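Biologist: I would like to learn how to read a few features of a protein model. Could you take me through them one at a time?

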Amino acid sequence: MPAVGARPVELVQQCDIDGVGVDPVEIHIDRAMAAVEAAGLADRVTFHRGVMHDLAYEGGHFDFVWCRDVVKQVDDLDGTSTELVRVMKPGGRLLAYTTITTELLDDRDPEMIRRHLGTSTATSIDPIWRQRSGGQAW
Ligand SMILES: C[S@@+](CC[C@H](N)C(=O)[O-])C[C@H]1O[C@@H](n2cnc3c(N)ncnc32)[C@H](O)[C@@H]1O
């Protein structure tokens with residue numbers, strides 16, 4: 001589970017699960033913890049500083065691994081894939097995906113992406129899309 005924004009809170013609330021998040025950036029962990037505490041979920045969600053290719057969990061630990069918009073940032077993609085599979089229980093589920101934007105998007109696509117994935121040009125790591133958005137989310 002990621003350690004950014006409201007998504008850990010949404011996952012825990014909507015799926016009625018307990019969870020842990022891993023992120024190498026301290027301020028992301030602090031913000032995620034603040035969101036979790038504000039939602040009254042501190043007894044169900046914890047965060048650890050770390051990286052996905054070296055997780056401090058025993059093998060076969062998790063029922064579900066959720067990873068959004070992170071794999072494009074990792075240095076060691078093979079190690080990350082191996083590690084995510086290692087920590088899952090046999091028969092566990094892994095959802096890892098990354099959103100991208102290209103010139104092929106037409107006028108209707110930004111709204112669809114924002115609605116389903118919560119992604120916005122204003123928060124894109126791609127400076128071209130941030131510039132095009134003029135600082136405004138879709
Ligand atoms: C675009 S954010 C996505 C956050 C979250 N998954 C979401 O959907 O809201 C990317 C996050 O990946 C984290 N990150 C970067 N490299 C990482 C790594 N090797 N292992 C784990 N997280 C990493 C960043 O610190 C950042 O918090």
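Modeller: We will go through backbone angles, exposure and strand pairing in turn. Keep in mind that this is a predicted model.

Biologist: Which phi values should I look at in Asp16 and Asp69?

Modeller: Look for a positive phi in a residue other than glycine. Asp16 has a phi near 50°, and Asp69 has one of about 60°. Asp16 sits in the loop between α1 (7–15) and β1 (19–23). Asp69 belongs to the loop between β3 (62–68) and α3 (77–87).

Biologist: Is Asp16 buried or exposed?

Modeller: Exposure is read by counting the other C-beta atoms within 10 Å; a residue with 12 or fewer is exposed, and one with 20 or more is buried. Asp16 is exposed because it has 8 such atoms. Asp69 has 19, so it is partly exposed.

Biologist: What about Gly79, and how far is Met52 from it?

Modeller: Gly79 is in helix α3 and counts as partly exposed, with 14 C-beta neighbours inside 10 Å. Gly79 and Met52 are 27 residues apart in sequence, yet their C-alpha atoms are 8.2 Å apart in space.

Biologist: In which sense do β3 and β4 pair?

Modeller: β3 and β4 pair in the parallel sense, over six bridges. Within this pairing, Val65 has Leu94 of β4 as its bridge partner. Together with α3, the two strands make a right-handed β-α-β unit.

Biologist: How many residues of β4 are buried?

Modeller: The count is zero among the ten residues of β4 (residues 88–97), so this strand is hardly covered.

Definitions and conventions:
Residues numbered from 1 in each chain as written. Predicted model: local features only at pLDDT ≥ 70, side-chain atom pairs only at ≥ 80, totals over all residues. Helix = DSSP H or I, 4+ residues; strand = E, 2+ residues; numbered from the N terminus. Pairing = 2+ DSSP bridges. Right-handed = clockwise from strand over helix to strand, strands pointing away.
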